[in-house]
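Let's take a walk through a protein together. Have a look at the sequence and the model, and then we will follow a few of the contacts inside.

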Amino acid sequence: MTERRYPIGAEATADGTHFRVWALGRRAVSLIVEGHPAIPMEATGDGYFSVLVPDIRPGTRYRFQLDGGEPLPDPASRWQPEGPEGPSVVTDNIFAWSDAYWRGVPPDGQVLYEIHIGTFTPEGTWAAATERLQTLRDLGITVLQVMPIGEFNGAFGWGYDTVLPYAPSHLYGPPDDLHRFIDRAHALGLGVILDVVYNHAGLGDHFKDFTPHYFSTSHHGEWGAIFNFDGEGATGVREFMVQNAVYWVREFHFDGLRLDATQALFDDSDTHIIAEIAAAARAAAPERQLFIVAENQPQDHRLVDRPEAGGYGLEAIGNDDFHHAARVALTGHNDFYYRDYHGTSSELLASAKYGFLYQGQRSDMRDKPYGTPSLNLKPTNFVHFLENHDQVANSARGLRMDRLGSPGAVRAITALFLLSPQTPCLFHGQEFGASTRFLYFAGFTGETAAAIAKGRTQNLRQFAGVSDPAMDERLADPADPATFAASKLDWSEFERHGEIVALHRDLLRLRRSETAFTQQGQGARLDGAVLGEQAFFLRYLSEDGDDRLLFINLGRDRHMAIIPDPLVAPPAGRHWESIWSSEHPDYGGSGRYASDMSKFWILPGHSALLFAAIDMKARIAASLISSIRRSVQ
């Protein structure tokens with residue numbers, strides 16, 4: 001067989017272009033090149049068909065014909081300029097990278113930022129997004145988490161209905177624009193990871209046309225047919241998906257992956273498909289550290305356990321528990337899947353200390369145990385968030401967090417979020433308080449569009465407020481172009497909402513510059529205690545005594561005459577001094593209260609307050625030296 005970089009797809013070589021496709025069960029497969037007669041492909045075993053065509057070069061459009069049927073796009077197409085139903089195009093994937101120095105994304109010290117390319121800018125393209133990278137870097141973002149970009153049907157969409165997983169969506173620009181986006185990100189010191197969907201295929205896929213073995217007959221998922229990783233013919237499916245991960249990492253220099261809905265990646269094989277994907281992706285870029293995070297509803301610790309301990313070897317798992325507790329704390333509502341949360345200080349404190357709140361105890365919503373024991377995991381094994389695409393859109397109006405809670409409480413919960421030891425992930429626009437909503441949108445037409453809208457409405461009605469009939473006419477139609485347009489960020493708000501930007505910028509500066517916070521990824525001790533149902537504090541203990549104390553109060557003003565807890569006692573030779581407040585006028589706050597912990601003081605309602613353990617001897621010495629220098633001058 002002609003030497004190839006990948007087992008499937010069209011690959012340009014010095015001798016022409018080699019085509020290879022998996023179609024287990026098909027008798028004959030032909031290559032259809034525009035303007036040429038059909039070219040029979042040779043069956044090479046295990047369901048693969050291939051052919052080398054000497055006169056085919058990059059830019060050539062082609063399809064595959066199965067047993068004389070209608071020509072179809074290549075399942076492993078690298079480029080679909082006319083959309084997923086159009087012809088596939090041969091690419092050379094040659095790009096003049098300038099990031100040879102780049103070493104990837106280590107697991108500690110990262111700040112993630114989730115973006116949807118279609119709504120991140122008004123233009124909705126890679127080129128336009130590239131122009132915003134400097135702004136994100138200056139804010140303190142370190143890693144971009146890009147929502148799925150594989151080709152999908154419809155004029156717009158979230159990307160989770162991927163039908164051609166190897167082809168970057170034509171809606172966002174040509175592949176070289178994606179190359180330039182990542183190359184520029186690396187030049188600025190930003191990592192880029194890609195959200196990938198390996199659990200199910202999107203609406204309008206052609207996988208079954210090539211072979212029914214793509215889909216499982218023994219496992220069933222909530223979004224339709226799911227991919228077959230452990231049944232008859234699974235070898236071809238596993239190779240297709242594993243090499244897809246390798247492709248993104250190797251050819252586009254992505255620094256890792258976000259694996260969507262891993263609970264739906266059913267696999268009873270000896271080596272789970274998740275572990276195989278992670279290992280292959282890392283092997284594809286041995287010179288770089290990859291960051292691979294999973295979405296996982298059961299909160300299974302095996303995802304981040306090391307392979308030698310029977311785990312899958314990922315870096316982190318998204319923590320819905322933190323989001324749900326914070327959302328209830330801000331809104332007061334805990335219906336539907338928020339039912340197991342009360343938004344209390346004990347929940348927020350526990351999540352900051354331990355990550356998952358549910359680690360095997362009973363869930364009332366599920367009426368059974370939920371989660372797995374995870375007390376031995378590191379803080380950086382968890383990704384915390386206050387907003388993401390799912391949680392913003394899973395509401396009647398798609399409103400952002402700062403439209404649901406009081407400004408003070410939002411500032412306080414943002415401080416907890418960005419100063420907790422877990423890896424934070426912001427959702428695009430969160431950093432400047434975007435007033436634009438983020439809604440569910442899918443640009444289909446006809447019966448498909450009607451079915452999607454009906455299903456969406458039925459799902460949202462599980463929230464008590466949405467069951468109100470008066471809400472029906474106010475729910476956004478996913479297929480309406482206006483729904484998509486309403487979800488696009490207005491970047492003029494970045495300047496106009498300067499107070500919210502300043503809040504995020506200053507908190508991220510504290511996170512990366514203060515020793516008490518930077519040591520958290522290296523196993524430094526974090527503790528804390530509850531002051532009341534809506535107030536608590538965290539103590540960040542440093543090896544040198546340079547501790548920090550963070551108070552969070554989501555209730556009314558609290559009189560702090562005494563705090564009978566040893567965790568608020570300062571280290572020997574030091575005293576507590578307030579160094580940051582969410583009520584600073586720079587952030588839109590109502591002003592800072594005097595906060596001398598050696599006296600009676602007030603912890604303001606809806607606020608966060610940070611204290612540093614100041615070394616008095618060092619301060620006095622520094623003051624004397626400064627005084628002497630002034631007198632000499």
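Are Arg4 and Glu11 buried or exposed? Keep in mind as you look that this is a predicted model. Both residues turn out to be buried: Arg4 is, and Glu11 is too. These two also form a salt bridge, with their closest N and O atoms 3.7 Å apart. A salt bridge here needs a side-chain nitrogen of Lys or Arg within 4 Å of a carboxyl oxygen of Asp or Glu, so the pair of Arg4 and Glu11 counts, at 3.7 Å. By this rule the structure has 32 salt bridges.

Another one brings together the side chains of Arg400 and Glu387, at 3.0 Å from N to O. Arg400 sits in the loop between helices H10 and H11, while Glu387 sits in the loop between strand S19 and H10, so their contact ties together parts that are 13 residues apart in sequence. Arg400 and Glu387 are both buried.

Next, find Glu514 and Arg548, whose closest N and O atoms are 2.4 Å apart in a salt bridge. This pair links distant parts of the chain, 34 residues apart: Glu514 is in the loop between helices H15 and H16, and Arg548 is in strand S23. Both of these residues are buried. Salt bridges can share partners as well, and in this way Asp195, Arg258, Asp260 and Glu295 are joined into one network.

Now let's turn to the rings. The structure holds 48 aromatic pairs. In one of them, Trp158 and Tyr440 have ring centres 5.0 Å apart and planes at 75 degrees, so the pair is edge-to-face. Along the chain these two residues are 282 residues apart, with Trp158 in the loop between strands S11 and S12 and Tyr440 in the loop between strand S20 and helix H12. Trp158 has a relative accessible area of 8%, which makes it buried. Tyr166 and Phe240 are also edge-to-face, because their planes stand at 75 degrees, with the ring centres 5.2 Å apart. Here strand S12 provides Tyr166 and helix H6 provides Phe240, and both residues are buried.

A ring can also have a charge over its face. Arg20 lies over Tyr48, 3.9 Å from the ring centre, and Arg366 lies over Tyr370 at 3.5 Å.

Finally, visit helix H11, residues 407–419. At 1.5 Å a residue, its 13 residues should span 18 Å, and the end C-alpha atoms are indeed 18 Å apart. Of those 13 residues, 12 are buried, so the helix is largely enclosed by the rest of the structure. Among the buried ones are Arg411, Thr414 and Phe417.

Technical notes: Residues are numbered from 1 along each chain as its sequence is written. This is a predicted model: local features need pLDDT of at least 70, side-chain atom pairs count only at pLDDT 80 or more; totals for chains, interfaces and linings use all residues. Side-chain values use heavy atoms; hydrogens and water are left out. Helices (H or I, at least four residues) and strands (E, at least two) are DSSP runs, numbered from the N terminus. The expected span of a helix is 1.5 Å times one less than its number of residues. Buried means under 20% relative accessible area, exposed over 50%, partly exposed in between (1.4 Å probe, protein chains only). Rings of Phe, Tyr and Trp (its six-membered ring) pair if their centres lie within 6.5 Å; planes under 30 degrees apart count as stacked, over 60 as edge-to-face and the rest as tilted. A charge sits over a ring if NZ of Lys or CZ of Arg is within 6 Å of the ring centre and within 35 degrees of the ring normal.
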